[in-house]
Amino acid sequence: MSRIKEFNLPDLGEGLTEGEILAWLVKVGDDIELNQPIVEVETAKAAVEIPAKWAGRVQAIFHPEGSTVEVGVPIIAIDTDPGAGPIEGSTTGTPASDLPAPSAASLAAVQVAPAEGMVEPGLIGGVAPGGRTAVLVGYGPRNAPAKRRPRKGDAPAPAQAAAPVAPAPPAPAPAVNGNGRVSGPVLAKPPVRKLAKDLGIDLATLTGSGPLGSITREDVQRAATATPAAAEPLTVTTPAASAASFGADREQRIPVKGVRKLTAENMARSAFTAPHVTEFLTVDVTRAMKALDRLRDRREWRDVRVSPLLLVAKAVLLAVKRHPMVNSTWAGDEIVVKEYVNLGIAAATERGLIVPNIKDAGRLSLRELADAMTDLVQTAKSGRTSPADMSGGTFTITNVGVFGVDTGTPILPPGESAILAFGAVREQPWVHKGKVKPRLVTTLGLSFDHRIIDGELGSKFLRDIGDFLADPEAALLAWT
């Protein structure tokens with residue numbers, strides 16, 4: 001049995017097809033243990049650390065950080081018996097005969113030793129960072145000379161003549177410009193070209209200090225800071241010449257991947273599959289805010305994070321018990337009503353919007369619910385939410401009020417029949433006991449799937465949430 005084992009990118013759940021390598025936690029030559037985290041991967045749902053399937057020594061890493069890899073493609077090779085010693089033919093202590101057959105995906109990441117005089121890494125035809133040959137993914141390096149397809153109208157190539165061909169005249173010496181560099185295409189990496197363009201430097205006027213005369217960032221920066229030998233005539237810019245540009249140089253293109261890609265797919269599918277209806281309700285929550293203050297003052301709650309969202313979550317859970325059809329899924333020829341509530345809390349993170357959920361939240365006490373919500377938000381903000389925590393949701397709350405927004409018309413997460421938007425709590429004039437007084441007011445927005453929830457059911461459900469927030473103590477006494 002081969003001691004070199006390739007570890008493929010696993011399916012991390014929910015049928016994910018690819019992941020982006022964020023960071024390698026090990027390097028070639030490191031000794032690793034079973035289940036030791038070796039790589040951090042961002043899937044379409046979260047960033048997760050993947051543990052090693054075997055103990056041993058890292059033999060090769062097939063994909064660099066920042067690359068997107070499909071599920072099932074090898075990402076690392078591990079020597080599972082490094083104590084057996086080096087084997088003849090292996091530069092890293094393992095025989096080439098013991099290495100598994102390279103896959104097509106890993107051929108693009110073949111490690112090669114840079115030869116003396118090679119083009120600087122990153123240049124066309126040179127070696128990419130990390131010692132890999134800069135070739136297309138799925139293709140090996142090609143050493144044969146390039147062939148050009150004949151253009152239309154070109155004379156056909158003459159057949160090979162039997163008579164000897166006269167030797168070609170010697171090529172003329174390359175032309176040299178005034179700066180001492182050979183005329184011809186300028187060797188420079190794309191970032192260097194962009195820097196030169198931004199600084200107004202003509203690359204053709206520079207003498208490169210890099211390999212094969214390539215121009216480096218230092219060459220450009222040196223030219224930008226150098227004092228000009230002769231003063232150039234002052235150019236007066238006319239309004240027409242300084243007109244704003246509306247081209248690609250003033251545009252930013254952001255790849256759609258990871259969480260953003262999944263969110264876009266889910267929202268588009270939901271918006272054009274489930275017929276959405278949204279209702280709004282404005283509520284005086286002054287009593288609820290006072291109840292929260294009294295709760296914070298209790299000794300056993302002083303170390304607990306208590307927010308208005310906690311009462312909204314409790315109101316939703318109680319209202320679901322009174323209207324179970326709201327917690328259901330459309331399944332084509334049937335409606336699946338769920339007796340458990342996996343309560344999703346939408347969270348904005350650096351990687352995009354995610355909706356982790358609290359499993360079976362209806363069984364939790366108010367204190368347990370508060371702790372679960374705190375853990376959920378902290379985990380989401382740190383980017384450590386697992387795919388399992390974002391699957392199986394049955395009802396979602398989105399707290400748009402934290403952004404100072406009054407309410408919204410949220411789109412249903414796929415598989416759910418309702419979602420509640422909780423707006424900002426503001427002090428507003430309100431008629432209270434026959435008099436206009438300043439009160440704390442918020443607006444709720446409930447979107448629901450009209451195939452399952454009709455107007456009457458949606459209105460009653462939203463009204464119950466509002467009644468709880470208007471007077472939580474009375475609602476608890478009346479409903480429990």
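The questions and answers below go through sheets, helices, cores and single residues of a predicted model.

Me: On what basis are residues numbered and values counted here?
Reply: Residues are numbered from 1 along each chain as its sequence is written, and side-chain values use heavy atoms, with hydrogens and water left out. Because the model is predicted, local features need pLDDT of at least 70 and side-chain atom pairs count only at pLDDT 80 or more, while totals for chains, interfaces and linings use all residues.

Me: What is the strand order of the open sheet that has strands 5 and 7 at its edges?
Reply: Strands here are DSSP runs of E with at least two residues, helices are runs of H or I with at least four residues, and both are numbered from the N terminus; two strands pair if DSSP finds at least two bridges between them. Strand 4 (residues 37–42) is joined by five bridges to strand 5 (residues 47–51), and strand 2 (residues 18–24) pairs with strand 4 over four bridges and with strand 7 over three, each time in the antiparallel sense. The open sheet of four strands therefore has the order 5-4-2-7.

Me: Why is one side of strand 5 and of strand 7 left without a neighbour in the sheet, and by what angle are neighbouring strands turned on average?
Reply: Strand 5 and strand 7 (68–70) stand at the edges with a single partner strand each, so one side of each has no neighbour in the sheet. With axes taken as lines fitted to C-alpha atoms, for helices over the stretch in contact, and angles running from 0 to 180 degrees between N-to-C directions, neighbouring strands of this sheet are turned against each other, direction ignored, by an average of 45 degrees.

Me: Which residue of strand 4 stands opposite tryptophan 24, and which residue is the bridge partner of glutamate 42?
Reply: Five of the six residues of strand 4 are buried, so the strand is largely enclosed by the rest of the structure; buried means under 20% relative accessible area, exposed over 50%, and partly exposed in between (1.4 Å probe, protein chains only). Tryptophan 24 stands opposite valine 39 in strand 4, and in strand 5 the bridge partner of glutamate 42 is alanine 47.

Me: Where does helix 6 contribute, and how many residues does the largest nonpolar core have?
Reply: A nonpolar core is a set of buried Ala, Val, Leu, Ile, Met, Phe, Trp, Tyr and Cys residues joined through side-chain atoms within 4.5 Å. In the largest one, the residues with the most contacts inside it are Leu343, Phe395 and Leu469, and helix 6 (residues 308–322) supplies the largest share, eleven residues. The core as a whole has 48 residues.

Me: At what angle do helix 8 and helix 9 pack, and what class does that angle give?
Reply: Helix 8 (residues 455–470) and helix 9 (residues 472–479) have axes 5 Å apart and pack at about 120 degrees, with Asp464 and Leu469 of helix 8 and Pro472 and Trp479 of helix 9 among the residues in contact, where contact means heavy atoms within 4.5 Å. Angles under 35 degrees count as roughly parallel, over 145 as roughly antiparallel, 65 to 115 as roughly perpendicular and the rest as oblique. Helix 8 is therefore classed, relative to helix 9, as oblique.

Me: Is lysine 433 buried or exposed?
Reply: Lysine 433 lies in the loop between strand 20 (426–432) and strand 21 (435–449), and has a positive phi of about 55 degrees although it is not a glycine. Most residues other than glycine have a negative phi. At 71% relative accessibility, lysine 433 counts as exposed.

Me: Is isoleucine 452 buried or exposed, and how far in space is it from alanine 418?
Reply: Isoleucine 452 is found in the loop between strand 21 and helix 8, and its 10% relative accessibility makes it count as buried. Leaving aside residues up to four places away in sequence, isoleucine 452 touches residues including Met325, Trp330 and Ser417. Isoleucine 452 and alanine 418 are 34 residues apart in sequence, and their C-alpha to C-alpha distance is 9.6 Å.
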